[in-house]
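Me: Can you walk me through this structure? I have not seen it before.

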Amino acid sequence: MSPHISLSRYLVEEQRQRGKIPAQLRLLLEVVARACKGISHAVNKGALGEVMGSAGSENVQGEVQKKLDIIANEVLIEANEWGGHLAAMASEEMDSIYVVPNRYPQGEYLLLFDPLDGSSNIDVNVSIGTIFSVLQKPEGIAAVSEQDFLQAGAKQVAAGYCVYGPQTMLVLTVGDGVVMFTLDREQGSFMLTQEHVKVPEDTQEFAINMSNMRHWAPPVKRFVDECLQGKDGVRGKNFNMRWIASMVADVHRILMRGGLFMYPWDQREPNKPGKLRLMYEANPMSWLIEQAGGAATNGQQRILDIQPTQLHERVSVILGSKNEVERVTAYHANV
Ligand code: AHG
Ligand code: MN
Ligand code: MN
């Protein structure tokens, strides 16, 4: 017998003992986990499963879609549309929202996802993931529209990701801290392997795509310059750097051992606030990080307080160990 409890049991106990998870939300989370298991299997097959390479199409943001982007999107939709727990879904890979078809009952939740995060890493066998965010459907509406999704991240009722790395892990918050589950492939179940996840307030590790340095705004450049000066500079300590180019994997590292992650605005496309998407990348990750004691801002304000105006809106992201996030944010205020 495994000493670990399963995700199903964890969710049932959270529902029963703590009243934290309503029955429909519990079902939703079980279904998302099942879909992630399916995606994990597809990822693991690699070239043997004809899942590698480009699909030859573009998504609404003009990015080339990989086969696995589309497969993961379909797995999530097919798993979630019939259970009666959802009203509609939204995805990085779909231009507009997907309302649950009339032949199925409609539930009270809205699900948003980045089906496959870190697409550039698929073909080189580096960690990738799935990110998800759950909102409540506003009360008293007859037909769901895109407008109903435009809620600030602070309104999320559940958020998480699944990382497909050396281990497949599901990381979750329902607003009661962060818990981590590891997929036991023999049993086919996610098993609870870590509770009370805490991001240390200080760190000596940062993550940013350094090749964009010449495009950054002065506060970001100042922060990184100071880190690079190491022990002899104003910070008085050496810094290490990591950049996996899968937000899921970079955020997972930060939840495990601290760090600072930045994908800031830069001058390449000055009218774009950043690269990452607010509603299905930045919001769920920011809530997880905050729930683990970290912080997340766009340089000006807390990410979870941003009122979205578009489903696929982008945002500048600074998240991770609290004291470093506060430092970079303060540098923005001093400009
Ligand atoms: P996606 O694969 O869903 O489009 O997201 C990729 C994102 C994110 O995961 C990562 O942090 C970032 O893009 C990497 O961007 P660069 O290739 O510009 O470093
Ligand atoms: Mn992504
Ligand atoms: Mn993606």
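Reply: The turns below deal with the ligand and its surroundings. This is a predicted model, where local features need pLDDT of at least 70, side-chain atom pairs count only at pLDDT 80 or more, and totals for chains, interfaces and linings use all residues. Residues are numbered from 1 along each chain as its sequence is written, chains are lettered from A and ligands numbered from 1 in the order in which they are written, and side-chain values use heavy atoms, leaving out hydrogens and water.

Me: Which residues come nearest to ligand 1?

Reply: Asp 117, Ser 119, Asn 209, Met 247 and Tyr 263, out of 18 residues around ligand 1 (a heavy atom within 4 Å).

Me: What does the polar backbone atom of Met 247 do?

Reply: It lies 2.7 Å from an oxygen atom of ligand 1. Side chains also reach ligand oxygens: a polar atom of Trp 243 is 2.9 Å from one, and a polar atom of Glu 92 is 3.0 Å from one.

Me: How do the shell residues divide?

Reply: Seven are nonpolar, four polar and seven charged.

Me: And which domains supply the shell?

Reply: Domain 1 (7-194) and domain 2 (205-333) each give at least three residues, with the bounds taken from an automatic or database domain assignment.

Conventions:
A polar contact is a pair of N or O atoms within 3.5 Å; within protein, one must be able to donate a hydrogen and the other to accept it, and residues adjacent in sequence count only if both atoms are side-chain atoms. Ala, Val, Leu, Ile, Met, Phe, Trp, Tyr, Cys and Pro count as nonpolar, Asp, Glu, Lys and Arg as charged, and the others, Gly among them, as polar.
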